[in-house]
Amino acid sequence: MKKYFSEEHFMLKQMVKEFAEKEIKPIAQEIDSQSKFPSDIITKMSKLGLLGIPWDEKYGGIGMDILSLVIAIEEIGKVCTSTAVTMMAHTSLGSGPIAYFGTEQQKEKYLKKLAKGEILGAFGLTEPNAGSDARNTQTTAELIGEHYVINGQKAFCTNAGKSGIIIITAKIMNKNS
């Protein structure tokens with residue numbers, strides 16, 4: 001039988017469970033009922049390395065696998081779903097595109113700060129006239145000189161209110177198309 005969980009996974013699970021019970025659970029109701037962003041909790045999570053679980057240590061992460069990220073999100077979600085969603089969106093949607101597809105320069109500039117929790121990552125997909133249907137994205141990105149000019153609207157950008165970087169979906173406009 002294949003072994004899915006390592007001793008490291010069990011140690012992470014226990015550490016995150018204890019953290020969530022001690023730090024998040026006592027204020028979880030307040031976070032949700034008051035739509036309060038848990039800045040202090042996010043700071044504590046970043047000090048534990050929870051915001052950079054799957055990213056290479058070279059970029060400030062702790063170099064664990066995706067299963068480790070899922071384990072941590074699950075433990076936090078048991079006491080406060082909104083805090084778990086903040087962590088998940090930051091790591092997968094706000095940091096993942098840079099980790100997987102970014103240039104070395106982008107990883108140095110952004111991923112290091114994201115993995116260490118110095119900045120929070122956000123994601124913008126939903127649009128007023130397209131909803132969350134990525135194929136019908138109406139926001140455009142046009143290369144003008146060396147920079148892209150973005151035109152469009154986004155709504156419900158997860159983590160946007162506290163983020164240091166927002167990953168968005170846009171259609172590339174090409175003058176030759």
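Helices (H or I, at least four residues) and strands (E, at least two) are DSSP runs, numbered from the N terminus. This is a predicted model, where local features need pLDDT (the predictor's confidence in each residue, from 0 to 100) of at least 70, side-chain atom pairs count only at pLDDT 80 or more, and totals for chains, interfaces and linings use all residues. Residues are numbered from 1 along each chain as its sequence is written, and side-chain values use heavy atoms, with hydrogens and water left out.

**Exercise 1. Work out where Ser 95 sits and what surrounds it.**

Step 1: Find the element. Ser 95 belongs to helix α5.

Step 2: Buried or exposed? Ser 95 has a relative accessible area of 0%, so it is buried (buried means under 20% relative accessible area, exposed over 50%, partly exposed in between, with a 1.4 Å probe and protein chains only).

Step 3: Look for a polar partner. A polar atom of the Ser 95 side chain lies 2.9 Å from the backbone oxygen of His 90.

Step 4: List the contacts (heavy atoms within 4.5 Å). Skipping neighbours within four places in sequence, Ser 95 meets Trp 55, His 90, Leu 111 and Leu 114.

**Exercise 2. Do the same for Thr 139.**

Step 1: Thr 139 is in the loop between β1 (121–124) and β2 (140–144).

Step 2: Its relative accessible area is 2%, so Thr 139 is buried too.

Step 3: The side chains of Thr 139 and Glu 127 share a polar contact of 2.6 Å (a pair of N or O atoms within 3.5 Å; within protein, one must be able to donate a hydrogen and the other to accept it, and residues adjacent in sequence count only if both atoms are side-chain atoms).

Step 4: Not counting residues up to four places away in sequence, Thr 139 touches Glu 127 and Ile 150, among others including Ile 168 and Lys 171.

**Exercise 3. Place Asn 159.**

Step 1: Look between β3 and β4, and you'll find Asn 159 in the loop.

Step 2: With 10% relative accessibility, Asn 159 counts as buried.

Step 3: Asn 159 and Ile 41 are 118 residues apart along the chain, and their C-alpha atoms are separated by 14 Å.

Step 4: Beyond four places in sequence, Asn 159 touches Thr 86, Ala 89, His 90, Leu 120, Gly 121 and Ala 122.

**Exercise 4. Say how confident the prediction is.**

Step 1: Take the whole protein chain: the average pLDDT is 94, and 97% of the residues score at least 70.

Step 2: Now go by element. Confidence is lowest in strand β5 (residues 171–173), with a mean of 92, and highest in helix α4 (residues 66–77), at 98.
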